[in-house]
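Please open the structure in your viewer and keep the sequence panel beside it, since the stops below move from the whole chain to single residues.

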Amino acid sequence: APPDLSGSWAMVQVTSDYVEYPFAGRRKRTTYLMLRLEIDQSGTSLLIRETHCSAYVDDGTDFVATEIPGAFLRSIGEVERTASLHRDGSGWRFVYPWGVTVHGAVLEDPARDPLPTDAEDPRVFDQDEDGKPGITVRVTILGLGGGEVYAVQRLTKHLEGPVISEDRLEGLIDWTNEQVIIDAQEELLKMDVRAEADPVAENSRFVAVRVPADLPCVELAVIWRVLFGL
């Protein structure tokens, strides 16, 4: 019989890429996304309700600091996804199929339509309800100031890995991130920042562990490093 994964979980998704910063050069950027999951299981099929708790970006340099505001994470709300379990020799594999998510814009074809490049594009909307177009990210550049950046984003992800136990999942993340800056508080922040995926697959990974049903997102945002050993 497949393992029973139903219940409450915490998951960290670690994604790694290389960014060409205008003043700091090429740096490895690592993003940590913490989620709370509620899993309902029927045989090998899983219905997963995701809540985005917090996010932390290590830009790979003290010269640049990126902050993802809580308002954006809260605006995502609870997301329902499906996953499945597959036999793998004497064990089982957890598979999250490819999914496409667009932030800050509404596209007729989310997977293929080009992202807006102008804040006046009618497809752009104020997702985090802060009065600014798209989604808002705060960027600080040491010695040069900083401010808010307004962007639209398309993310695709596929998660797969072994079921370590009925209390722990681990695996790798295949992913892409397409982002367009449509406006910013400072001209400096409107500059194009090129990024490419980390070629080392193991640097983009996930870990999920079972947690008490009453563990809130606000607490997970504080204890995630200890919980996942990061």
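A residue is called buried here when its relative accessible area is under 20%, and exposed when that area is over 50%. The model is a predicted one, and by this cut-off buried residues make up 43% of the 230 residues in the protein.

**The whole chain**

Begin with a cartoon of the entire protein, in which 2 helices and 11 strands can be picked out. Coloured from the N terminus on, the elements follow the order β-β-β-β-α-β-β-β-β-β-β-β-α. If you turn the C-alpha trace along its principal axes, you will find that it spans about 60 × 35 × 35 Å. The radius of gyration is 18 Å, which agrees with the value near 17 Å that a compact globule of 230 residues would have. Among the contacts with a separation of 6 or more, 66% are made by residues 24 or more positions apart.

Switch next to a surface representation, where the accessible surface comes to about 11,700 Å² and carbon and sulfur atoms account for 50% of it. Colouring by charge shows 22 positive and 39 negative charges, and the mean positions of these two sets are 4 Å apart.

**Helix 2**

Which residues of helix 2 are buried? Select residues 217-228 and show the side chains of Cys 217, Leu 220, Trp 224 and Phe 228, which are the buried ones. They lie on the same side of helix 2, because they cover an arc of only 60 degrees around the axis. On the other side of the helix, by contrast, Val 218, Val 222 and Val 226 are exposed. To see what covers the buried residues, add strand 1 (7-21), strand 2 (25-42), strand 3 (45-58) and strand 11 (205-210), which are included in that cover. Just after helix 2 comes Gly 229, whose phi is positive, near 65 degrees.

**Arg 29 and Thr 15**

Move on to strand 2 and select Arg 29. Is this residue buried or exposed? Arg 29 counts as buried, because its relative accessibility is 19% and the cut-off for buried is under 20%. Leaving out residues up to four places away in sequence, Arg 29 touches a set of residues that includes Asp 17, Tyr 21, Asp 58, Asp 59 and Ala 195.

Thr 15 is another of the residues that Arg 29 touches, and it is found in strand 1. With a relative accessibility of 9%, Thr 15 counts as buried. Beyond four places in sequence, its contacts are Arg 29, Thr 30, Thr 31, Ile 173, Trp 175, Asn 203 and Ser 204.

**Val 79**

Strand 5 covers residues 79-88, and Val 79 belongs to it. Val 79 has a relative accessible area of 18% and is therefore buried. Show Ile 48, Arg 49 and Glu 50 as well, since Val 79 touches these residues when those up to four places away in sequence are not counted. A distance drawn from C-alpha to C-alpha between Val 79 and His 52 comes to 8.9 Å, while the two residues are 27 residues apart in sequence.

**Glu 129**

For the last stop, go to the loop between strand 6 (91-103) and strand 7 (135-141) and select Glu 129. Its relative accessible area is 71%, so Glu 129 is exposed. The backbone also deserves a look here, as the phi of Glu 129 is positive, near 55 degrees, in a residue other than glycine. Most residues other than glycine have a negative phi.

Note on methods. Residues numbered from 1 in each chain as written. Predicted model: local features only at pLDDT ≥ 70, side-chain atom pairs only at ≥ 80, totals over all residues. Heavy atoms only, no water. Helix = DSSP H or I, 4+ residues; strand = E, 2+ residues; numbered from the N terminus. Rg over C-alpha atoms; globule rule 2.2 N^0.38 Å. Buried < 20%, exposed > 50% of the residue type's maximum accessible area, 1.4 Å probe, protein only. Contact = heavy atoms within 4.5 Å. Areas by Shrake-Rupley, 256 points an atom, 1.4 Å probe, with all protein chains shown as cover. Lys, Arg positive; Asp, Glu negative; His and termini not counted. Charge placed at Lys NZ, Arg CZ, Asp CG, Glu CD. Arc of directions from axis to C-beta.
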